[in-house]
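Hello,

Here is the structure I promised to pass on to you. Have a look at it first, and then read on for what I found.

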Amino acid sequence: RYREEAEPKTEQEIWDERQTFRAVGKKKKSRYDVDSSEYVFEDHVEFVKSAMLSKGVDDDVRRDDEKNAASSSSKPAAAVEAKEVLAETRKRLPVFAYRTEFLEAVADNQVLVVIGETGSGKTTQLPQYLHEVGYSKLGAIGCTQPRRVAAMSVAARVSKEMDVVLGREVGYSIRFEDCTSKDTILKYMTDGMLLREFLGEPDLGSYSVMMIDEAHERTLHTDVLFGLIKDVARFREDIKIIISSATMNADAFSTYFDDAAIFNIPGRTYDVEILYTKAPEADYLDAAVVTVLQTHITQPPGDILVFFTGQEEIEAADEILHERTKGLGSRIKELIICPIYASLPSEMQAKIFEPTPPGARKVVLGTNIAETSLTIDGICFVIDAGFCKQKTYNPRSGVESLIVTPISQAQAAQRAGRAGRTRPGTCFRLYTAWAYQHELEENTVPEIQRTNMTSVVLMLKSLGIHDLLHFDFMDPPPAEMLVRALEQLYALGALNDRGELTKLGRRMAEFPCDPQLSKSILVGDKYGCVAETITIGAMLSAGNAVFHRPKDRAVHADNARMNFARGGGGDHLALLRVFTEWTDSDYSTQWCYENYVQARSMMRARDIRDQFNLLCERVELELSTVGLSDVQAVQKAVCAGYFYNTAKLASSGEYKTVKHHHTVFVHPSSVLANEDVMPRWLCFHELAFTTKEYMRHVFPIEPQWLIEIAPHYYQQKELVDARKHKMPKSQGLAAAAAADNPR
Ligand code: CDP
Ligand code: MG
């Protein structure tokens, strides 16, 4: 909406752009020469062949491929025909040949570990096979996914294959979005949602089969599910459990599940030639873009998949690729650029599955979402930057951060494998063979060993599991992590001093969010502002993209944002004002455009708020409200959940966390980032580590509130203010700058 439509280009401009493209190429030593049909790697983007695998895209394969591409994009076929095509496609999947054997194995074993290459049909086909032979008559067939995107897209695909409306017989359930009905017999859900379902149905009584899919991902929730489901299998003889995984760790799963049988689906995979850079890449984003363009210009047909770490990188690469290809004219085939990341709107996610039209090439820019959870057909070239974002948690400081980390060798193998599904392919690794050998860990550390467990511990406590140190974890978390979680829950009042769940804790567990947030909501009752705390909670849960900030209108956007900050109360109150005004505008999209607010995030926030509303009813919490008149009441309620996250302005002009004296910074996107006089005390929503440790979403507090709210956690002496006067921000900044550049 904000992007101005480009004027049609003149011939001269098009020519100029081509010149620029070449000039850029020249400047960088003709790394990509449009006229050359040779694939020239120079300097640092030179790949050395790993020599282990040979490659050959012979002409037959290529011709076949073009034929297929042509037929799949021919006129929209009649519905009947489309159905037949889908049925045919199902039969061509590797898993189809093993349908009978698989069903026999399920009949013979209560717990079955299924191992198969990504794309062999585990997720979409196995639940359908079980349904076809009648398991769904005994109860629903559930299938968990670590990622929301995968749960949604797989359910959509299966509903299409079964020719039913999504949300009826086939549905999905993800946090804040339930797309199922009482008729649902095939249910895809995130692992976190199944964990929640345990609270209401600890024996999974409504299911006949539960498939824990993508088990190799070893997410925190999947790992906890293992323990719970192993127990269910013991006292429910009639339930079937399937643990399915890409080709990793099969034995470990089998051993954990009391030597469960392993069912192997032999894949059809082709050789993938692996190429490394000769020298480390200084800028892998640039290297990836260059490699995409070189591949596009010089290589035979076949789509490209690039692995980046997250949305920002993907958007940057998307922009550069558009920029660099738009001047190429008709001599170069069309390059269709498809981003894919978790928060991408679902209608745009669907684009990656559309067949590539003949003559064009698709390049998918993805995160590790595309490693094993989504299968995109037609990929022949993989470009692997070698990094992913990984959550890490320091139980001592309580800092959780999402850090760009080198992937593991196992992940590298999965990524490369994506190139060899339909014919031999190529994987360009934007790191050296030496780095692969020496700098990548063999396997990724399971999430349970590097994450904050507070939420999960609260859930386990609600399930009546008291002795967490002896819970049957596949890989137990460090005891320190568990102790820290117990301490936090105790401080929040969810557990008593014997570690038992309190009444408050039980109510907190009803809310599908962090215990801190549910505590804020529940404390809202005391301050008469439950309506406000659920709005803030919904806005915080809707994602980080509430405000829209187009580069060419940054000043307008910043002004619009600062308007919401008037009246004080920092970021949380600003979010509350955004939601309130949007509600007053009758949820107007126009209002969103005018105020540089993302309409999509607002709609999501509204949905989430509705759900919080229902949950409040369930725990009999009255929806009290103070509106926007009592800023302090709202701040205190939020602080009552987040009192762990406090920082104090030190004499150096920097903020230090109150408890651990960690240096932290106000995130530039905060409405307080440009205050003239910075508040002495802050409460923050979370710490995010990017270039520095940033506090995201902050609001000013009075230290005496902490004594009022968390007397068991804070002592008066920690909250004394050594300095008498507020320091003007300019001074504070100068001091910070000086600290940044020690002479
Ligand atoms: O789970 P696994 O990796 O073994 O395979 P799958 O996800 O069941 O995918 C099997 C096939 O279904 C893929 O090759 C795709 O052709 C197709 N599929 C699709 O078209 N759209 C989806 N959202 C998911 C799968
Ligand atoms: Mg799968």
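**The annotated domain**

The UniProt record, an unreviewed entry, places the feature "domain: Helicase ATP-binding" at residues 103-266. Please keep in mind that this is a predicted model. In the model, the end C-alpha atoms of residues 103-266 lie 16 Å apart, and helix makes up 42% of that span, with strand at 26%.

**Around ligand 1**

Next, the ligand. How many residues surround ligand 1? There are 16, and the closest are Lys122, Thr123, Thr124, Ser153 and Arg157. If you would like to find them by element, start with helix H5 (122-132) and helix H7 (148-162), each of which supplies at least two residues of the shell. H5 gives the largest share, with four residues. As for the classes in this shell, ten residues are polar, three are charged and three are nonpolar.

**The barrel**

Another part to look at is a closed barrel of five strands, which runs S18-S19-S20-S22-S21 with mixed pairing. From one strand to the next, the twist averages 50°.

One pair in it can be followed residue by residue. Strand S21 covers residues 681-689 and strand S22 covers residues 693-700. Do these two run parallel or antiparallel? They are antiparallel, and seven bridges join them. As a place to begin, try phenylalanine 689, which stands opposite glutamate 693 in S22.

I hope this helps you find your way around. Happy browsing!

Best wishes

Notes. Residues numbered from 1 in each chain as written. Chains lettered and ligands numbered in written order. Predicted model: local features only at pLDDT ≥ 70, side-chain atom pairs only at ≥ 80, totals over all residues. Near = placed C-beta within 6 Å. Nonpolar A, V, L, I, M, F, W, Y, C, P; charged D, E, K, R; others polar. UniProt positions renumbered as here; feature names shortened; annotations may be inferred. Pairing = 2+ DSSP bridges. Axes fitted to C-alpha atoms, helices over the stretch in contact; angles between N-to-C directions.
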